[in-house]
Amino acid sequence: MAANRARGQRAGLTRQAVLEAALQLVDREGMKALSMRRLGAELGVEAMTVYHHVPNKSALLDGVIEQVVAEAVPPEFGAATWREDLSSYAYALVTALGAHPHAVPLLLSRPAMTPRNLRTMEAVVEMLHEAGFPLPRTLDILYSLTSFVVGHAAAQAGRVDGAGSIATVDPDAYPLLVGAARQAGENAADARFDFALHALLAGFEGELSDVPTVV
């Protein structure tokens, strides 16, 4: 055990380096390739050395999510209006998920309550609460926004060469559906994301206008 630890230290390993290597492995080969043994081989150390930085496979998976989410976090929430902050976060998150499609199923299945992710959530809740939203509503907004973004990313990650596209079904049987899909064009997914995000933010703004003013 001591030899393994020394080898890990000589390699300059840190938790961050382990998680970055894990995400790179997932990007290249998918989630099935991720194991402590394989990750150790990628880092040039024994698998037991990896355990000095992440205690188990569950912590490793949470760390992979943390890495993806970290790419979307701005330097500071509250620097702009709440609507601009949420919009920027949504676009940054969908971009990060698009860059790591193999990791998207993880975000659908795990809450990943790591300290780093919790700090991000705390910052969003604080920003929304200071903007005037009741504290319980801030969580509703946060979960609604992230669920929408992750769901959109999952749908995009599941597309394979246009398979399953409405534009490819029988136009005689479904003329309106096919017509709408074809008129939407190649960038339909991006346009739908913009439309849905705008609708969400407008709905959140409506909630804020319904909050009673304390005199």
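Reader: Does tyrosine 89 count as buried or exposed?
Author: Let's work it out together, keeping in mind that this is a predicted model. Tyrosine 89 has a relative accessibility of 5%. The cut-off for buried is under 20% relative accessible area. Because 5% falls under that cut-off, tyrosine 89 counts as buried.

Reader: How many aromatic pairs does the structure hold, and are the planes of phenylalanine 77 and tyrosine 89 stacked or edge-to-face?
Author: The structure holds four aromatic pairs. For phenylalanine 77 and tyrosine 89, the ring centres lie 5.7 Å apart and the planes meet at 85°. Planes over 60 degrees apart get their own label, so with 85° this pair is edge-to-face.

Reader: Which parts of the chain does that pair link?
Author: Take the two residues in turn. Phenylalanine 77, which is buried at 13% relative accessibility, sits in a loop that follows helix H5 (57-70). The pair links distant parts of the chain, with the two positions 12 residues apart. The parts are the loop between helix H5 and helix H6 (82-99) for phenylalanine 77, and for tyrosine 89, helix H6.

Reader: Which residues do ring pairs link into a cluster?
Author: Ring pairs can also join up into a group, and this structure has a cluster of that kind. Its members are Tyr91, Phe148 and Phe193.

Reader: How many helices and strands does the chain have?
Author: Read along the sequence, the pattern shows an α at every step: α-α-α-α-α-α-α-α-α-α-α. That fits the count for the chain, which is 11 helices and zero strands.

Reader: What percentage of the residues in the chain is buried?
Author: The chain has 215 residues. A residue joins the buried group if its relative accessible area is under 20%. The share of buried residues is 35%.

Reader: What is unusual to look for in the phi of alanine 112, and where is this residue found?
Author: Alanine 112 has a positive phi of about 50°, although it is not a glycine. With a relative accessibility of 2%, alanine 112 counts as buried. Its place in the chain is the loop between H7 and H8.

Reader: Which residues form the nonpolar patch on the surface with Met113?
Author: Methionine 113 lies in the loop between helix H7 (104-109) and helix H8 (115-130). Its relative accessible area is 44%, so methionine 113 is partly exposed. The whole patch has about 360 Å² of accessible area together. The partners of Met113 in the patch are Leu118, Leu139 and Tyr143.

Reader: Which element gives the largest share of the lining of the largest pocket?
Author: The largest pocket holds about 430 Å³ of space, and 18 residues line it, with Leu107, Arg110, Pro111, Tyr143 and Thr146 nearest its centre. The elements giving two or more residues to this lining are H5, H6, H7, H8 and helix H9 (135-157). The largest share is five residues, and the element that gives them is H9.

Reader: What is the N to O distance in the salt bridge of aspartate 62 and arginine 110?
Author: Side chains of opposite charge can pair when their charged atoms come close. This pair links distant parts of the chain, with aspartate 62 in helix H5 and arginine 110 in the loop between H7 and H8, 48 residues apart. Aspartate 62 is buried at 16% relative accessible area, whereas arginine 110 is partly exposed at 24%. The N to O distance is 2.9 Å.

Reader: How many residues apart in sequence are the parts that arginine 116 and glutamate 66 tie together?
Author: Arginine 116 and glutamate 66 form a salt bridge whose closest N and O atoms are 3.8 Å apart. Arginine 116 lies in helix H8 and glutamate 66 in helix H5, so the pair ties together separate parts of the sequence. Arginine 116 is partly exposed at 32% relative accessibility, while glutamate 66 is buried at 2%. The parts they tie together are apart in sequence by 50 residues.

Reader: By about how much of a helical turn are arginine 137 and aspartate 140 separated?
Author: The side chains of arginine 137 and aspartate 140 meet in a salt bridge of 2.6 Å, N to O. Arginine 137 is partly exposed at 33% relative accessible area, and so is aspartate 140 at 36%. Because they are three residues apart in helix H9, their separation is about one helical turn.

Reader: Which residues are linked in a network of salt bridges?
Author: The count of salt bridges comes to 10. Some salt bridges link up into a network. Its residues are Arg28, Glu29, Arg38 and Glu42.

Definitions and conventions: Residues numbered from 1 in each chain as written. Predicted model: local features only at pLDDT ≥ 70, side-chain atom pairs only at ≥ 80, totals over all residues. Heavy atoms only, no water. Phe/Tyr/Trp six-rings, centres within 6.5 Å; stacked < 30°, edge-to-face > 60°. Helix = DSSP H or I, 4+ residues; strand = E, 2+ residues; numbered from the N terminus. Buried < 20%, exposed > 50% of the residue type's maximum accessible area, 1.4 Å probe, protein only. Patch = residues over 30% accessible without salt bridge, like charges linked within 9 Å, V, L, I, M, F, W, Y side chains within 5 Å. Areas by Shrake-Rupley, 256 points an atom, 1.4 Å probe, with all protein chains shown as cover. Salt bridge = Lys/Arg side-chain N within 4 Å of Asp/Glu carboxyl O. 1 Å grid on protein atoms, 1.4 Å probe; cavity = no way out; pocket = protein on both sides within 12 Å on 5 of 7 lines; lining within 4 Å. Points joined across faces, edges and corners; volume = space filled by probe spheres on them.
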